[in-house]
Amino acid sequence: AAQANQEKDSSTQSESADADTTPTADADLLNEKDETVYVLAEADGNVKKIIVSDWLKNLLGDSQVEDQTQLSDISNVKGDETGQRGSDGSYTWPADGGDIYYQGTIEKELPVNMSIEYLLDGKKITPADLAGKSGKVTIRLTYKNTQKKTVTVNGKAETVYVPFVAVTGLALDNEHFRNVEISNGKVVSDGDRSIVMGFALPGMQESLKLDKDKLEFPESVEITADVTDFSLLTTLTVVTNELFNELDLDDVDDLDGLKEAVTQLQDACTQLLDGSSALYEGLGTLLTKSGELISGVGQLADGAKDLKEGASSLSDG
């Protein structure tokens, strides 16, 4: 995981989800599973490797924990327990009442794909060729939602996408990047660097079948700047659908109602992007140190618990 001007990994995407693992007779208490997907990508967004980190919360204190997984190269990252794979995709871990932390890899289409395109003075250019160049640079991040299904609405088959919000962050050195602008997002400068955060809602436009002239949902983020001696550290992207949990669509039956609901969503995105100085300082530090982060990705799952708790605190704030 290095810099874009070396044609190495320059983008990390993260997706997270919660799932129950072991149903029990006690409806008030269930074992739980937290899963985070780390995607290491090339400078143009092409996926290089997918690493999945799982935390099996043994809330019931069971002697063994049952799991379902499609991962390969599974390894226990916080203990000596060895799991056993079943023929039905099950995976059983000896837990002795404790939690299990493991990681593995998978080759599977992501729910949201991201591509990154670079332009110099309006002309397309590869990341390797852009390294060290100067001029008007455009970085265009496009997100594609792959999670769609066909449903019947009023007797007619319609294509609907699972709703996701994609948020991408970059740290730009103000010595090399000036007049930084973003299409949908926010730019915060601390004098030495500009922290850029943008968001998109891939698939939403097609799901709702809305004319873009009436209401448009961004599916890409475009960053422009006047650049001297271009170089770019890692970009970080988080894909989530948690923001939609708070979106009330029960009473939406016309365009005005939809616009009001979308306004709620936009307000949530704005709050996320506004954040606080501490948030941007932390993001800037994370982006600056991202080379070290990805070079040690084999040890990344060791911090899965702390990372998850930190992400929850960020979400709450």
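**Exercise 1. Is D96 buried or exposed, and what is odd about its backbone?**

Step 1: Start with the surface. D96 has a relative accessible area of 74%, so it is exposed (buried means under 20% relative accessible area, exposed over 50%, and partly exposed in between, using a 1.4 Å probe and protein chains only).

Before you go on, note that this is a predicted model, in which local features need pLDDT of at least 70 and side-chain atom pairs count only at pLDDT 80 or more, while totals for chains, interfaces and linings use all residues. Residues are numbered from 1 along each chain as its sequence is written, and side-chain values use heavy atoms, with hydrogens and water left out.

Step 2: Find the spot. D96 is in the loop between β7 (90-94) and β8 (100-105) (strands are DSSP runs of E with at least two residues, helices are runs of H or I with at least four, and both are numbered from the N terminus).

Step 3: Check the backbone angle. D96 has a positive phi of about 50 degrees, although it is not a glycine. Here's the background: most residues other than glycine have a negative phi.

Step 4: Try the same with D73. D73 is not a glycine either, yet its phi is positive at about 55 degrees. D73 is found in strand β5 (residues 72-76), and its relative accessibility of 62% means that it counts as exposed.

**Exercise 2. What does the side chain of K33 reach?**

Step 1: Place the residue. K33 lies in strand β2 (residues 32-42).

Step 2: Look at the accessibility. K33 has a value of 8%, so it counts as buried.

Step 3: List the partners. The K33 side chain makes a polar contact with the side chain of D67 at 3.1 Å (a polar contact is a pair of N or O atoms within 3.5 Å; within protein, one must be able to donate a hydrogen and the other to accept it, and residues adjacent in sequence count only if both atoms are side-chain atoms). The K33 side chain also reaches the backbone oxygen of Q68, again at 3.1 Å.

Step 4: Follow D67 onward. Its bridge partner in β7 is Y91. β4 and β7 pair in the antiparallel sense over five bridges (two strands pair if DSSP finds at least two bridges between them).

Step 5: Draw the sheet. Three strands form an open, antiparallel sheet in the order β4-β7-β6. β4 (64-68) and β6 (84-85) stand at the edges with a single partner strand each, so one side of each has no neighbour in the sheet.

**Exercise 3. How are the rings of Y91 and W93 arranged?**

Step 1: Count first. A search of the whole structure finds five aromatic pairs (rings of Phe, Tyr and Trp, the last with its six-membered ring, pair if their centres lie within 6.5 Å; planes under 30 degrees apart count as stacked, over 60 as edge-to-face, and the rest as tilted).

Step 2: Apply the cut-offs. The centres of Y91 and W93 are 5.3 Å apart and their planes are at 40 degrees, so this pair is tilted.

Step 3: Check the surroundings. Y91 counts as buried because its relative accessibility is 9%; W93 is buried too, at 2%.

Step 4: Widen the view. Ring pairs link Y91, W93 and Y102 into a cluster.

**Exercise 4. Why is strand β17 largely enclosed, and which strands pair with β17?**

Step 1: Look at burial. Seven of the eight residues of β17 (residues 193-200) are buried, so the rest of the structure largely encloses this strand.

Step 2: Find one partner. β14 (residues 165-173) runs antiparallel to β17, joined by eight bridges, and G169 stands opposite M197.

Step 3: Find another. β16 (residues 185-189) pairs with β17 over five bridges, also antiparallel; here V188 stands opposite I195.

Step 4: Look at the turn. β16 and β17 form a hairpin with three residues between them, and G191 in the turn has a positive phi of about 105 degrees.

**Exercise 5. Which residues have the most contacts inside the largest nonpolar core?**

Step 1: The largest nonpolar core has 28 residues, and Y118, I139, L141, Y143, I223 and F230 have the most contacts inside it (a nonpolar core is a set of buried Ala, Val, Leu, Ile, Met, Phe, Trp, Tyr and Cys residues joined through side-chain atoms within 4.5 Å).

Step 2: Ask who supplies it. β9 gives the most to this core, with five residues.
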